[in-house]
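Reader: Before I set anything up, could you walk me through this model, starting with the overall fold and then going into the details?

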Amino acid sequence: MVRYKCIIIEDEPLAAEILQDYIAQIPFLELKHTCSDALGALEFLKSEKTDVIFIDIHLPKLNGLDFIRTLKN
């Protein structure tokens with residue numbers, strides 16, 4: 001079975017925990033990292049291949065939609 005590597009970018013701890021629990025229940029998802037802001041996620045994405053990003057729209061410093069627009073793939 002193919003497993004998709006995913007990350008969570010969420011600044012609210014409870015929401016991140018709910019997403020982590022959801023991902024743990026899905027056999028084809030593998031959580032690789034959780035970040036509380038887009039800049040931390042950018043550092044992770046520079047070195048790690050990621051298939052799926054769960055991202056909050058309202059993040060500190062750089063909002064989620066603007067962050068997604070900066071990604072090449």
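**Contacts, core and a few residues**

Author: This is a predicted model, and in it residues 24 or more positions apart account for 69% of the protein's contacts that have a separation of 6 or more.

Reader: How many helices and strands does the protein have, and in what order do the elements run?

Author: There are three helices and three strands, and read from the N terminus the elements follow the order β-α-β-α-β-α. The radius of gyration is 12 Å, close to the 11 Å that the globule rule gives for 73 residues, so the protein is as compact as a globular protein of that length.

Reader: What does the C-alpha trace span along its principal axes?

Author: The trace spans about 35 × 30 × 15 Å. As for the surface, the accessible area comes to about 5,100 Å², and 55% of that belongs to carbon and sulfur atoms, while buried residues make up 26% of the 73 residues.

Reader: Which residues make up the largest nonpolar core?

Author: That core has nine residues, namely Ile7, Ile9, Cys35, Ala38, Ala41, Phe44, Leu45, Leu59 and Phe67. The elements that give two or more residues to this core are β1 (4–9) and α2 (38–47), and the largest share, four residues, comes from α2. There is also a second, separate core of six residues, which includes Cys6, Ile8, Ala16 and Ile26.

Reader: Let me stay with Phe67 for a moment; what is Phe67 in contact with, leaving aside neighbours within four places in sequence?

Author: With that restriction, Phe67 is in contact with Ile9, Ala38, Ala41, Leu42, Leu45, Ile55 and Leu62. In addition, the backbone oxygen of Phe67 lies 2.6 Å from a polar atom of the Thr70 side chain, and Thr70 itself has its place in helix α3.

Reader: How far apart are Thr70 and Ile26 in space?

Author: Their C-alpha atoms are 28 Å apart, and in sequence Thr70 and Ile26 are separated by 44 residues.

Reader: Changing topic to backbone angles, which residue has a positive phi although it is not a glycine?

Author: One such residue is Lys61, with a phi of about 75°. Most residues other than glycine have a negative phi. Lys61 is found in the loop between β3 (52–55) and α3 (64–70).

Reader: Is Lys61 buried or exposed?

Author: Lys61 counts as exposed, because its relative accessibility is 71% and the cut-off for exposed is over 50%.

Technical notes. Residues are numbered from 1 along each chain as its sequence is written. This is a predicted model: local features need pLDDT of at least 70, side-chain atom pairs count only at pLDDT 80 or more; totals for chains, interfaces and linings use all residues. Side-chain values use heavy atoms; hydrogens and water are left out. A nonpolar core is a set of buried Ala, Val, Leu, Ile, Met, Phe, Trp, Tyr and Cys residues joined through side-chain atoms within 4.5 Å. Buried means under 20% relative accessible area, exposed over 50%, partly exposed in between (1.4 Å probe, protein chains only). Contact means heavy atoms within 4.5 Å. A polar contact is a pair of N or O atoms within 3.5 Å; within protein, one must be able to donate a hydrogen and the other to accept it, and residues adjacent in sequence count only if both atoms are side-chain atoms. The radius of gyration is taken over C-alpha atoms; the globule rule is 2.2 Å times the number of residues to the power 0.38. Accessible areas come from the Shrake-Rupley method with a 1.4 Å probe; for residues, only the protein chains shown count as cover.
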